[in-house]
Amino acid sequence: RPLAAALNALRIAPVTLPAIGQTFDVALEMDGAGDVQGLSAQLGWDPSVVEAIAVTEGPLMGQQGRFGLVLSPDAGVVDAALFGVGGGIAGSGTLARVTFRMRAAGDPAIRIANIDARDAQNQSLAMSTTGAAGGLAGRTALRMAFPNPFDQNMTIALALSHTGPASVGVFDVAGRKVR
């Protein structure tokens, strides 16, 4: 199972456009903090320039250590889910590839139009999006610990908005510092 990312993020990798009539793949890349059990992402594009024709699963789902699935209920929609008990999607990589066909010359304006990410309790999760692969705007975030419940070890992902020293403390329900 890959190491959890600091934040949940989804982005479209840059592509080189082919000639009119040819197809090309757009990689939907994800950084998973380990709490997203499922997501639905709707891509947007200029339909006069390109048309979406297929969605295929990327290697990130196969690295999760349990059964996961990527489906497409409609053109340009990517639905991904992990099944069973355990943490959510963790690590960084290609979640899915969307195949497009060039219809005309021009800017296809492919983008992430909408995203709905959910945790194991079906609660909505924040997910950063960027149009092209690259850095994310920094922000401080603390993710839920997983697995929950745990036996001997658990993972808690912490992201800082800027570099520098940090300390993390573990407290019991009465507010006493445990570690």
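# Strands, salt bridges and surface in a predicted model

Student: What is the relative accessible area of Asp116?

Tutor: The structure is a predicted model. Within it, Asp116 counts as partly exposed, because residues between the buried limit of 20% and the exposed limit of 50% fall in that class. The relative accessible area of Asp116 is 31%.

Student: With which residue does Asp116 form a salt bridge?

Tutor: The closest N and O atoms of the pair are 3.0 Å apart, and a salt bridge requires a distance within 4 Å. The partner is partly exposed, at 29% relative accessibility. In strand S8, this partner also stands opposite Gly38. The residue that forms the salt bridge with Asp116 is Arg118.

Student: Which pattern does the protein chain follow along the sequence?

Tutor: The protein chain contains one helix and 12 strands. Read along the sequence, these elements give the pattern β-β-β-β-α-β-β-β-β-β-β-β-β.

Student: In what order do the five strands of the open sheet lie?

Tutor: The pairing in this sheet is antiparallel. Strand S5 (68-71) and strand S9 (124-125) each have a single partner strand, so one side of each is left without a neighbour in the sheet. These two strands therefore stand at the edges. The order is S5-S6-S3-S8-S9.

Student: How many bridges join strand S3 to strand S8?

Tutor: Strand S3 (residues 38-44) is joined to strand S6 (residues 77-82) by five bridges; there, Ala41 has Val78 as its bridge partner. Strand S8 (residues 111-118) also pairs with S3 in the antiparallel sense. The number of bridges between S3 and S8 is seven.

Student: How many of the seven residues of S3 are buried?

Tutor: To count as buried, a residue must have under 20% relative accessible area. S3 is largely enclosed by the rest of the structure, because so many of its residues meet this limit. Of the seven residues of S3, the number buried is five.

Student: Which residue of strand S2 is the bridge partner of Ala9?

Tutor: Strand S1 (residues 9-12) runs antiparallel to strand S2 (residues 23-33), and four bridges join them. Ala9 and Arg11 point one way from S1, whereas Leu10 and Ile12 point the other way, and all are buried. Arg11 is linked with Glu29 and Asp31 in a network of salt bridges. In S2, the bridge partner of Ala9 is Asp31.

Student: How many residues apart in sequence are the parts tied together by Arg101 and Glu51?

Tutor: The structure holds five salt bridges. In one of them, Arg101 pairs with Glu51, the closest N and O atoms being 3.2 Å apart. Arg101 lies in strand S7 (residues 90-102) and Glu51 in strand S4 (residues 50-57), so the distance along the sequence between the parts they tie together is, in residues, 50.

Student: Are Arg101 and Glu51 buried, exposed or partly exposed?

Tutor: Arg101 has 31% relative accessibility, and the relative accessible area of Glu51 is 27%. Values between 20% and 50% fall in the intermediate class. Arg101 and Glu51 are therefore both partly exposed.

Student: What is the relative accessible area of Arg176?

Tutor: The side chains of Asp172 and Arg176 meet in a salt bridge, with N and O 3.0 Å apart. Asp172 is partly exposed, at 26%. Arg176, in contrast, is exposed, with a relative accessible area of 55%.

Student: What accessible area do Phe150, Met154 and Ile156 have together?

Tutor: Ile156 lies in the loop between strand S11 (141-142) and strand S12 (158-159). Its relative accessibility is 45%, so Ile156 counts as partly exposed. With Phe150 and Met154, Ile156 forms a nonpolar patch on the surface, and their accessible area together is about 270 Å².

Student: What share of the 179 residues of the protein chain counts as buried?

Tutor: The accessible surface of the protein chain comes to about 9800 Å², and carbon and sulfur atoms hold 53% of it. Among contacts with a separation of 6 or more, 69% are between residues 24 or more positions apart. Of the 179 residues, the share that counts as buried is 38%.

Methods. Residues numbered from 1 in each chain as written. Predicted model: local features only at pLDDT ≥ 70, side-chain atom pairs only at ≥ 80, totals over all residues. Heavy atoms only, no water. Pairing = 2+ DSSP bridges. Buried < 20%, exposed > 50% of the residue type's maximum accessible area, 1.4 Å probe, protein only. Patch = residues over 30% accessible without salt bridge, like charges linked within 9 Å, V, L, I, M, F, W, Y side chains within 5 Å. Areas by Shrake-Rupley, 256 points an atom, 1.4 Å probe, with all protein chains shown as cover. Contact = heavy atoms within 4.5 Å.
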